[in-house]
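Reader: I've got the model open and I keep tripping over the labels people put on such things. Can you take me through what stands behind them?

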Amino acid sequence: MKEYITLSEEVKHAKEQGKPIVALESTIISHGMPYPQNVQTAREVEQIIRDNGAVPATIAIVDGKIKIGLSDEELEMFGKASDVAKASRRDLGYLLATKKLGATTVAATMICAELADIHIFVTGGIGGVHRGAETTMDISADLEELAQTNVAVICAGAKSILDLGLTMEYLETKGVPVIGYQTDVLPAFYTRSSQFAVNFRADDVETISNTLKTKWDLNLKGGAVIANPIPEEHAMDEKTITDVIETALKEATENHIAGKEVTPFLLAKVKELTGGKSLDSNIALVKNNAVLGAKIAVQLGNLK
């Protein structure tokens, strides 16, 4: 396994010193935001994690290796490059074998994080069951990964372009706990709430960390969703974002956009239709998740 994994110096030192580490995905850099906001956000999120007592490990596929922790130059490269593959579980073997650049999705980042013995992962929002999945079978690999990989995902819920009800049903079937941080309902990425209740509410990081430790001590395989609502001042109006998403979904259907191209198209269209406000919200919620993720990683480390 070691032939496929490379740790950055920062992550290597953190491992040697027993410091808490937080995984970060690279798809948000290469496919989730435009340059230069993507690189700037990546650097700021990494610094937030450091400021809160943990070590960041942005994960990507570079030159036949799983890189656990990227250099400043590599962050810049992923932010600018146009030929970066979007890497999920199915793609990892091929991308490593062919030494192509790959930006890890939520699912792939979870796999790589677990291989590196990292169990806390911060992202924006998880994928889920797409609207109309009863006929298209379009269901994100993120959900399957949450069912089998021992990594907790700190996020602002699931993207509101999805079918949130079916996403919660799927997670329930797979035995994945959805823990709301200081909330009783599932946040919907750009907005703080939805009509769907979380499984459990936790008002402090101690409860979350103890829950994760107990789950994994019992060998209950799989991750957990830690749903952290976007800060109030950065949340978008619920009706506005709903209308925008409906318009974006209609355009996606008319343009025959399907598979893994759907989410990037919808997010770009939402950004366009909101005059860039959705990008500001996206950046704010990722930073907010980084604070919580670092605190959970620190607390979890104290329990060992």
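**Holes, strands and odd angles**

Author: Let's start inside: the largest cavity holds about 130 Å³ of space. It has 15 lining residues, and the ones closest to its centre are Glu25, Ile28, Ala42, Val45 and Val286. Bear in mind that this is a predicted model.

Reader: What makes a space a cavity and not a pocket?

Author: The way out. In a cavity a 1.4 Å probe fits but cannot get out, whereas a pocket is an open set. With a cut at 30 Å³ or more, the count comes to two cavities.

Reader: Which elements give two or more residues to the lining of the largest cavity?

Author: Helix 2 and helix 3. Helix 3 gives the most, with five residues. By class, that lining has eight nonpolar, five polar and two charged residues.

Reader: And what lines the second largest cavity?

Author: That space is about 30 Å³. Its lining includes Ile126, Met168, Leu171 and Val225, and helix 9 gives the most, with three residues. The classes come out as seven nonpolar, two polar and no charged.

Reader: How much space lies in the largest pocket, and which residues are the closest to its centre?

Author: About 740 Å³. Of its 34 lining residues, Lys86, Thr105, Ser140, Asp142 and Thr263 are the closest to the centre. Helix 2, strand 5, helix 8 and helix 12 are the elements giving two or more residues to that lining; helix 2 gives the most, with four. The lining has 10 nonpolar, 15 polar and nine charged residues.

Reader: Now the strands. Why is strand 3 called largely enclosed?

Author: Eight of its eight residues are buried, so strand 3 is largely enclosed by the rest of the structure. Look at both sides: Val55, Ala57, Ile59 and Ile61 point one way, Pro56, Thr58, Ala60 and Val62 point the other way, and all of them are buried.

Reader: What makes strand 3 a partner of other strands?

Author: Two strands pair if there are at least two bridges between them. Strand 2 runs parallel to strand 3 and is joined to it by four bridges, with Ala23 opposite Ala57. Strand 4 also has four bridges to strand 3, in the antiparallel sense, and there Ile61 has Ile66 as its bridge partner. Strand 6 runs antiparallel to strand 3 with two bridges, which meets the cut-off of at least two. In that pairing, Ile61 stands opposite Gly102.

Reader: How many residues lie between strand 3 and strand 4 in their hairpin?

Author: Two, and Asp63 in that turn has a positive phi of about 55°.

Reader: What covers the buried residues of helix 4?

Author: Strand 3 is among the elements that do, along with helix 2, helix 3, strand 4 and strand 6. The buried residues of helix 4 are Glu74, Leu75, Glu76, Phe78 and Gly79.

Reader: How do you know that both faces of strand 9 are covered?

Author: Check each side: Val178 and Gly180 on one, Ile179 and Tyr181 on the other, and all four are buried. Strand 9 also has parallel partners. Three bridges join it to strand 11, where Gly180 faces Ala227, and three more pair strand 9 with strand 10, where Ile179 has Phe200 as its bridge partner.

Reader: Between strand 9 and strand 10 there's a loop. Why is Gln182 called partly exposed, and Phe189 buried?

Author: Buried means under 20% relative accessible area, exposed means over 50%, and partly exposed is in between. Gln182 has 43%, so it lands in the middle class. Phe189 has 1%, so it counts as buried. Gln182 and Phe189 are both found in that loop.

Reader: What makes the backbone at these two residues worth a look?

Author: Most residues other than glycine have a negative phi. Gln182 has a positive phi of about 55° without being a glycine, and Phe189, also not a glycine, has a positive phi of about 65°.

Reader: Which peptide bond is cis, and where does its proline lie?

Author: The one from Tyr35 to Pro36, with omega near 5°. Pro36 lies in the loop between helix 2 and helix 3. As a rule, most peptide bonds are trans.

Terms used: Residues are numbered from 1 along each chain as its sequence is written. This is a predicted model: local features need pLDDT of at least 70, side-chain atom pairs count only at pLDDT 80 or more; totals for chains, interfaces and linings use all residues. Side-chain values use heavy atoms; hydrogens and water are left out. On a 1 Å grid over the protein atoms alone, a cavity is a set of points where a 1.4 Å probe fits but cannot get out, and a pocket is an open set with protein on both sides within 12 Å along at least five of seven lines; lining residues have an atom within 4 Å of a point. Grid points are joined across faces, edges and corners, and a volume is the space filled by probe spheres set on the points. Ala, Val, Leu, Ile, Met, Phe, Trp, Tyr, Cys and Pro count as nonpolar, Asp, Glu, Lys and Arg as charged, and the others, Gly among them, as polar. Buried means under 20% relative accessible area, exposed over 50%, partly exposed in between (1.4 Å probe, protein chains only). Contact means heavy atoms within 4.5 Å.
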